[in-house]
Amino acid sequence: MKILVINGPNINMLGIREPGIYGKNTFADLLALLEQTAQEEGIEIEQYQSNHEGCLVDRIQVAYGKVDGIVINPAAYTHTSVAILDALKAVSIPAVEVHISDVDAREPFRQVSYAGLYCCKTIKGHGLEGYREAILYLKNNI
Ligand code: CA2
């Protein structure tokens, strides 16, 4: 089984500011968690992070026919990107949306998710652990 984990803009800056919202963990900690999860679960996990909407769309398209599931945190593009929603629909790969923070408890604009309209599950407010939960969900449900 192969899972692609996609992260949007500024996720690579985790741990640098706003620890009250996103926690103290860094992007390197997230990469370590993904590696550990892959080993423990005996699955292949590839990760991709970009600050650019079109690059995220391109990466989703490249996954067509090549991965079994997608875990995606589109970050700020969650709330704006019809292009990412359309890319997910186009490749039709089972996907789970992850948000590190509890977006429902934040500004109203963060309570809209375009990617979430496609995803079969959304995990929010569980910190980095949410990525592990999303991977396990895909492993057990696809
Ligand atoms: O909670 C999440 O995972 C978010 O997707 C994170 C995004 C935010 O725009 C979404 O509304 C919710 C932000 C990514 C990280 O942004 C940083 C901001 C300051 C310092 C470090 C990272």
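1. A residue is called buried when its relative accessible area is under 20%, exposed when that area is over 50%, and partly exposed in between. The structure discussed here is a predicted model, and Arg132, at 18% relative accessibility, counts as buried because its value falls under that 20% limit.

2. The partner of Arg132 is Glu40, with which Arg132 forms a salt bridge whose closest N and O atoms are 3.4 Å apart. This pair links distant parts of the chain, since Arg132 belongs to helix α5 (residues 129-141) and Glu40 to helix α2 (residues 27-41), 92 residues apart. The two ends of the contact fall into separate accessibility classes: Arg132 is buried at 18%, whereas Glu40, with a relative accessible area of 48%, is partly exposed.

3. Helix α5 also holds Gly130, which counts as buried at 1% relative accessibility. For orientation, the C-alpha atom of Gly130 is separated by 21 Å from that of Asn51, a residue 79 positions away along the chain.

4. Turning to the sheet, five strands are arranged in the order β2-β1-β3-β4-β5, forming an open sheet in which the pairing is parallel. The edge positions are taken by β2 (44-49) and β5 (121-124), each of which pairs on one side only. From one strand to the next, the twist averages 20°.

5. At one edge of this sheet, strand β4 (residues 95-99) pairs with β5 in the parallel sense, and the pairing runs over four bridges. Within this part of the sheet, Val96 stands opposite Lys121 of β5.

6. Strand β5 also contributes Lys124, whose side chain meets that of Asp104 in a salt bridge with an N to O distance of 3.1 Å. Because Asp104 lies in the loop between β4 and β5 while Lys124 is in strand β5, the pair ties together parts that are 20 residues apart in sequence. Both partners are partly exposed, Asp104 at 40% relative accessibility and Lys124 with a relative accessible area of 31%.

7. A further salt bridge joins the side chains of Lys2 and Glu46, at 3.2 Å from N to O. Lys2 sits in strand β1 (residues 2-7) and Glu46 in strand β2, so that this contact, too, links distant parts of the chain, here 44 residues apart. Lys2 is partly exposed at 21% relative accessibility, a value just outside the range called buried, which ends at 20%, and Glu46 is likewise partly exposed, at 29%.

8. The contact between Lys2 and Glu46 does not stand alone, for Lys2, Glu44, Glu46 and Arg59 are linked in a network of salt bridges. In general, side chains of opposite charge can pair when their charged atoms come close. Over the whole structure, a search finds nine salt bridges, among them the contacts of Lys2 with Glu46, Arg132 with Glu40 and Asp104 with Lys124.

9. A last point concerns the largest pocket, which encloses about 420 Å³ of space. Its lining is made up of 21 residues, and those that lie nearest the centre are Pro9, Asn10, Ile11, Tyr22 and Ala75. By class, the lining of this pocket comprises ten nonpolar, seven polar and four charged residues.

How values were computed: Residues numbered from 1 in each chain as written. Predicted model: local features only at pLDDT ≥ 70, side-chain atom pairs only at ≥ 80, totals over all residues. Heavy atoms only, no water. Pairing = 2+ DSSP bridges. Helix = DSSP H or I, 4+ residues; strand = E, 2+ residues; numbered from the N terminus. Axes fitted to C-alpha atoms, helices over the stretch in contact; angles between N-to-C directions. Salt bridge = Lys/Arg side-chain N within 4 Å of Asp/Glu carboxyl O. Buried < 20%, exposed > 50% of the residue type's maximum accessible area, 1.4 Å probe, protein only. 1 Å grid on protein atoms, 1.4 Å probe; cavity = no way out; pocket = protein on both sides within 12 Å on 5 of 7 lines; lining within 4 Å. Points joined across faces, edges and corners; volume = space filled by probe spheres on them. Nonpolar A, V, L, I, M, F, W, Y, C, P; charged D, E, K, R; others polar.
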